[in-house]
Amino acid sequence: MERQIYTAEHEAFRDTVRTFLAKEVLPHYEQWEQDGITSRAAWLAAGRQGLLGLAVDEEYGGGGNPDFRYSAVLGEEFARAGVSGLAVGLHNDIVGPYLTGLATEEQKRRWLPGFCSGETITAIAMTEPGAGSDLQGIRTTAEDKGDHFLLNGAKTFISNGILADLVVVAAKTTPEGGAHGLSLLVVERGAEGFERGRNLDKIGQKSQDTAELFFHDVRVPKENLLGERDGAFLHLMTNLAQERMAIAVAAITAAEHLVEITSTYVKEREAFGRPLSRLQHIRFEIAEMATECAVTRAFLDRCIADHAEGKLDAVHASMAKWWATELQKRTADRCLQLHGGYGYMNEYPVAKAFTDGRIQTIYGGTTEIMKEIIGRSLLG
């Protein structure tokens with residue numbers, strides 16, 4: 001079906017993204033996978049190409065265009081290329097809204113130019129060893145010391161954790177306030193007492209640096225409080241819809257691409273003297289996956305269009321996130337099966353897609369949390 005949500009300008013931007021990937025990412029990606037981290041040079045190249053800070057005002061070096069469809073195009077092309085390591089989506093779509101929506105004018109002038117140029121790589125630190133989707137479980141504290149907060153605690157599974165120059169940290173500023181006693185503090189590279197742990201060894205997304213972060217009596221200036229004190233819960237709930245949409249966009253695109261490459265494979269691979277595609281079971285498998293992707297794509301495109309107009313609510317974003325990521329997981333498993341033994345070999349894209357995509361139903365809010373959000377909205 002012909003998609004109707006993009007204009008000629010969006011498609012021209014798609015060509016720009018593809019050119020960038022072909023020139024600056026794909027030739028180096030295998031090395032990044034071995035290194036467990038991407039090159040800072042790639043971030044600078046993304047900045048020069050105008051791929052960072054799409055929604056940031058031009059006066060700070062950004063693209064000045066809040067239309068989420070451009071972010072969706074970027075996410076689709078990165079997903080299709082299978083390059084999860086260069087976490088541009090995290091930078092733009094997850095951290096970016098906190099800086100553009102909550103930062104003071106002084107903070108914007110201090111942080112956004114580097115954010116857009118690629119000189120300042122960002123991360124957001126919410127998850128802790130004992131707290132994931134449950135914000136009430138956060139134990140990191142920020143004690144008010146007059147002109148600064150004294151930050152203590154630990155975070156884990158932090159994407160961009162090694163490379164990040166700027167980390168938005170969720171911490172308790174009012175311990176008795178539960179989830180409503182949290183604030184967002186920006187910790188900058190080099191802050192005394194801020195330490196990074198190991199680059200975590202994951203089953204997939206090898207080139208995406210994911211780290212443990214430790215804060216030992218870190219003095220965070222009051223000027224680095226982002227948004228309202230004790231207002232983090234509301235801030236997080238406001239921006240999580242876009243995070244979940246970004247994940248869903250990558251998920252449906254990855255699923256569609258898996259069906260494409262598997263369709264090609266079964267037409268070329270022979271068994272019992274004829275192509276696999278001549279077997280009814282194989283045709284039914286492809287038919288089912290293609291149909292599931294087409295139906296999901298229709299819903300996702302509606303969500304993308306609604307979000308671009310500021311109309312998407314948290315419930316539909318949660319629906320999009322859990323459905324698309326679970327579809328991606330099922331599709332990766334089925335496509336690997338259709339590849340047979342070759343699907344288990346890392347040299348085949350389906351193997352990498354299988355391991356890289358497994359995290360999608362977990363981060364950004366697990367499938368179970370998404371269903372709980374939807375269920376509560378329907379049943380109270």
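Trainee: Is Cys335 buried or exposed, and what is its relative accessible area?

Mentor: In this predicted model, a residue counts as buried when its relative accessible area is under 20%. Cys335 meets that cut-off and is therefore classed as buried, its relative accessible area being 0%.

Trainee: Which cysteine sulfur is nearest to that of Cys335, and how many disulfides does the rule give?

Mentor: A disulfide requires a pair of cysteine sulfur atoms within 2.5 Å, and by this rule the count comes to zero. Cys335 is in no disulfide, since the nearest cysteine sulfur is 8.1 Å away, and that sulfur belongs to Cys293.

Trainee: How far from Cys303 is the nearest cysteine sulfur, and why does Cys303 count as buried?

Mentor: Cys303 counts as buried because its relative accessibility is 2%, where the cut-off for burial is under 20%. By the disulfide rule the count is zero. Cys303 is likewise in no disulfide, and the nearest cysteine sulfur, which is that of Cys293, lies at a distance of 16 Å.

Trainee: Which residues form the nonpolar patch on the surface, and where is Met345 found?

Mentor: The patch, with about 350 Å² of accessible area together, is made up of Tyr342, Tyr344 and Met345. Met345 counts as partly exposed because its relative accessibility is 37%, a value in between the cut-offs of 20% and 50%. As for its place in the chain, Met345 is found in the loop between α9 (314-339) and α10 (349-356).

Trainee: What are the helix and strand percentages of the span that UniProt annotates as "domain: Acyl-CoA oxidase/dehydrogenase middle"?

Mentor: The unreviewed UniProt entry places this feature at residues 123-218. The end C-alpha atoms of residues 123-218 lie 17 Å apart, and the composition of the span is 0% helix and 50% strand.

Trainee: How do strands β2 and β3 run, and which residue in the turn has a positive phi?

Mentor: Strand β2 (residues 141-144) and strand β3 (residues 148-159) run antiparallel and are joined by four bridges, with Asn152 in β3 as the bridge partner of Thr141. The two strands form a hairpin with three residues between them, and the turn residue with a positive phi, of about 95°, is Gly146.

Trainee: What is the helix percentage of the span annotated as "domain: Acyl-CoA dehydrogenase/oxidase C-terminal"?

Mentor: According to the unreviewed UniProt entry, this feature covers residues 236-379. The end C-alpha atoms of residues 236-379 lie 23 Å apart, and while strand accounts for 3% of the span, helix accounts for 76%.

Methods:
Residues are numbered from 1 along each chain as its sequence is written. This is a predicted model: local features need pLDDT of at least 70, side-chain atom pairs count only at pLDDT 80 or more; totals for chains, interfaces and linings use all residues. Side-chain values use heavy atoms; hydrogens and water are left out. Patches are made of residues with over 30% relative accessible area and no salt bridge: like charges are joined within 9 Å, nonpolar side chains (Val, Leu, Ile, Met, Phe, Trp, Tyr) within 5 Å. Accessible areas come from the Shrake-Rupley method with a 1.4 Å probe; for residues, only the protein chains shown count as cover. A salt bridge is a side-chain nitrogen of Lys or Arg within 4 Å of a carboxyl oxygen of Asp or Glu. Buried means under 20% relative accessible area, exposed over 50%, partly exposed in between (1.4 Å probe, protein chains only). UniProt positions are given in the numbering used here, feature names are shortened, and annotations may be inferred rather than shown by experiment. Two strands pair if DSSP finds at least two bridges between them.
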